[in-house]
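Here are a few exercises to work through with the model open. Try each one yourself before reading the solution.

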Amino acid sequence: MSILADQIRENLPSMREVILDSARDALRKSSQDLARWNAMLAAGTISSQEYEWLVDSRISVIEMETLKAAGLALARIDEFRAAIVRSITGAALRAVGV
Amino acid sequence: MKVLYKTILAILFGCAVASCAPSIAPFSQQAYRYATELKVESLSLMDRAENPFLDHLKHVEKLKIDLEKAYEFAKGRPRNEHSTKQWEILLDPDRNLIGGFLFRWESERQLSYPFIQQSQLLIADAFDTVIGLESGKIRFSD
């Protein structure tokens, strides 16, 4: 049981961090992009149509980042599951003296 | 007796956990290669979008075919829905990543350098999410 508890303590925070880091990163990049594009639009470097296109493009990237975070969380679950099996198998073998 | 009982219970639990199918496809070197190479090819071709589209038609067609290959490869792998959806968004001509960029280039014949530069940053980020997801998947030893 303590082995299981250790596995949960080790793995669950890392899954949470993957998702949170991804969200923080997406917000930071989006605000930097918007500031830059606003300046470019004001200077006439890009058109309003190009500005809208870039905003939609950033939204698409955010969607892809969300898919990445969700996929990585599933990969961590698989690793966690494999670690449980290894721990239990090891403990069981030790218990029967192998 | 109590130890034996607990051991058997633990083994049964382990078997139950082990019998669950994996949640996501494992790492694929081929998928990783597709994503990294197509990132470079896409950004390189985007550099030419200041020039008339028809001058680069062959390169555009080749890139589209290569992108489709990567998408079909992703789609064909079991438990690979997240990566497949990423490729769909990337390739969709109605959206605003590489598929949409090539469509815009064709529609407008040539694009402005500042717009190309900003699009390259976004499309590079998009490819990085595909690469990041693939490289984060579980690797099985050969």
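**Exercise 1.** Leaving aside its neighbours within four places in sequence, which residues is B:Leu90 in contact with?

*Solution.* Keep in mind that this is a predicted model. Start with chain A: A:Met64 touches B:Leu90. Then go through chain B, where the contacts are B:Leu97, B:Ile98, B:Gly99, B:Ala126, B:Phe127 and B:Val130.

**Exercise 2.** Find the largest nonpolar core and work out which elements build it.

*Solution.* The core has 41 residues, and B:Trp87, B:Leu90 and B:Phe101 have the most contacts inside it. Chain A supplies two or more residues from each of helix 1 (2-43) and helix 2 (48-95). On the chain B side, the elements that do so are helix 2 (29-46), helix 3 (57-76), helix 4 (81-91), helix 5 (98-108) and helix 6 (113-136). Helix 6 of chain B gives the largest share, nine residues.

**Exercise 3.** Classify the ring pair B:Trp87 and B:Phe127: stacked, tilted or edge-to-face?

*Solution.* First, the ring centres are 6.1 Å apart, inside the 6.5 Å limit for a pair. Next, the planes meet at 75°, which is over 60, so the pair is edge-to-face. Now place the partners: B:Trp87 sits in helix 4 of chain B and B:Phe127 in helix 6 of chain B, 40 residues apart. Both are buried, B:Trp87 at 4% and B:Phe127 at 0% relative accessible area.

**Exercise 4.** Is B:Ile8 buried or exposed, or something in between?

*Solution.* Its relative accessibility is 44%, so B:Ile8 counts as partly exposed. B:Ile8 lies in helix 1 (residues 2-19) of chain B, and with B:Met1 and B:Leu4 makes a nonpolar surface patch of about 360 Å².

Terms used:
Residues numbered from 1 in each chain as written. Chains lettered and ligands numbered in written order. Predicted model: local features only at pLDDT ≥ 70, side-chain atom pairs only at ≥ 80, totals over all residues. Heavy atoms only, no water. Core = buried A, V, L, I, M, F, W, Y, C linked by side-chain atoms within 4.5 Å. Buried < 20%, exposed > 50% of the residue type's maximum accessible area, 1.4 Å probe, protein only. Helix = DSSP H or I, 4+ residues; strand = E, 2+ residues; numbered from the N terminus. Contact = heavy atoms within 4.5 Å. Patch = residues over 30% accessible without salt bridge, like charges linked within 9 Å, V, L, I, M, F, W, Y side chains within 5 Å. Areas by Shrake-Rupley, 256 points an atom, 1.4 Å probe, with all protein chains shown as cover. Salt bridge = Lys/Arg side-chain N within 4 Å of Asp/Glu carboxyl O. Phe/Tyr/Trp six-rings, centres within 6.5 Å; stacked < 30°, edge-to-face > 60°.
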